[in-house]
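Visitor: I am new to protein models. Could you walk me through this one?

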Amino acid sequence: MTELAAPVITIDGPSGAGKGTVAQRVAETLGFALLDSGALYRLSALAVLRHGADPADGEAVAALAAAMQIRFEAEPGQGVRTWLDGEDVSQALRNEETAAMASKVAVLPQLRRQLLDVQRGFARAPGLVADGRDMGTVVFPDAPVKIFLTASAQVRAERRLKQLKEKGIDANLPSLLEDISQRDARDSERKTAPLKPAADAVTIDSSALNIDQVCQQVLEIAEKNGIRRGESES
Ligand code: C5P
């Protein structure tokens, strides 16, 4: 792979470990750009659903992904607003149907190849925080800082239950735990880019940590590697 355009901090791990929030806060603190790679798989899934394409047809799904017009706009403290082909899809992106389709199309090597350059294109000065499953292993193998953020399935299910309750959505712990375990198995057992820590990643178990403590640890690791706010060190 060619030299990185800017320092990249990769944050990989299973769903519910807190990657999204941590990546967003670390990016804000450092003044870095943010790549939510899961959103690209979710957008591809939405395109498949909207066009009624066959999710098993790798070429067709990759072609749909190549044609997507995507826009991300950060809303400080609120997350990111997302547009697909001129339509605000921020809510549709987060629903269960989209999530399920995303994990289905994520197994397609043609789609993963198509999204590779799109993802690498996010690396720009002064730096990038990239959140996903294969950021440190496949997309940015030369990243100077690689974090693998995990938490027990029980803790992740409890966090998800709390989030859903706050949104007024009814759910129960055993079925969330079952969903999380199935998704973990699918993500770690697939042939292309399975979920696993890079050999040079630092693993942080967030089961007994809050978001601030995790961010603090990530920022300390970044600083040890010469990464500071808003400056790109060579
Ligand atoms: O992280 P998020 O839940 O938004 O990811 C949606 C789906 O996209 C996941 O289930 C996972 O299978 C897939 N994904 C992936 N590689 C990434 C990011 C997400 O395969 N780098």
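**A guided tour**

Guide: Start at V138, which lies in helix α6, residues 135-139. Helices (H or I, at least four residues) and strands (E, at least two) are DSSP runs, numbered from the N terminus. This is a predicted model, where local features need pLDDT of at least 70, side-chain atom pairs count only at pLDDT 80 or more, and totals for chains, interfaces and linings use all residues. Residues are numbered from 1 along each chain as its sequence is written, and side-chain values use heavy atoms, with hydrogens and water left out.

Visitor: Does V138 count as buried, partly exposed or exposed, and why?

Guide: Buried means under 20% relative accessible area, exposed over 50%, and partly exposed in between (1.4 Å probe, protein chains only). V138 has 33% relative accessibility, so V138 counts as partly exposed.

Visitor: Which residues does V138 touch, not counting those up to four places away in sequence?

Guide: Contact means heavy atoms within 4.5 Å. By that rule, V138 touches L116, R120 and A193.

Visitor: How far apart are the C-alpha atoms of V138 and P194?

Guide: Along the chain, V138 and P194 are 56 residues apart. In space, their C-alpha atoms are separated by 9.7 Å.

Visitor: Is S44 buried or exposed, and why?

Guide: S44 sits in helix α2. Its contacts, leaving aside neighbours within four places in sequence, are A65, M68, L111 and L115. Its relative accessible area is 2%, so S44 is buried.

Visitor: Are α2 and α4 roughly parallel or roughly perpendicular, and why?

Guide: Two packed helices are described by the angle between their axes and the distance between the axes. Axes are lines fitted to C-alpha atoms, for helices over the stretch in contact, and angles run from 0 to 180 degrees between N-to-C directions. The axes of α2 (residues 37-51) and α4 (residues 96-105) come within 8 Å and cross at roughly 100 degrees. Angles under 35 degrees count as roughly parallel, over 145 as roughly antiparallel, 65 to 115 as roughly perpendicular and the rest as oblique, so α2 and α4 are roughly perpendicular.

Visitor: How many nonpolar residues are in the contact of α2 with α4?

Guide: From α2 come Y41, R42, A45, L46, V48 and L49; from α4 come E97, T98, A99, M101, A102 and V105. Ala, Val, Leu, Ile, Met, Phe, Trp, Tyr, Cys and Pro count as nonpolar, Asp, Glu, Lys and Arg as charged, and the others, Gly among them, as polar. The contact has 1 polar and 2 charged residues, and the nonpolar count is 9.

Visitor: How do α3 and α5 lie to each other: roughly parallel or roughly perpendicular?

Guide: α3 (residues 58-67) and α5 (residues 109-120) pack with axes 7 Å apart. Their angle is about 25 degrees. α3 and α5 are therefore roughly parallel.

Visitor: Which are the edge strands of the sheet β3-β4-β5?

Guide: Two strands pair if DSSP finds at least two bridges between them. These 3 strands form an open sheet with antiparallel pairing. An edge strand pairs on one side only, and here that holds for β3 and β5.

Visitor: Which helix packs on that sheet?

Guide: The helix touches β3, β4 and β5. Its direction makes about 130 degrees with that of β3. It is α2.

Visitor: How many residues of β7 are buried?

Guide: β7 covers residues 145-150 and pairs in the parallel sense with β8 over 4 bridges. 4 bridges also join β1 to β7, again parallel. β7 is mostly covered: of its 6 residues, the buried ones number 5.
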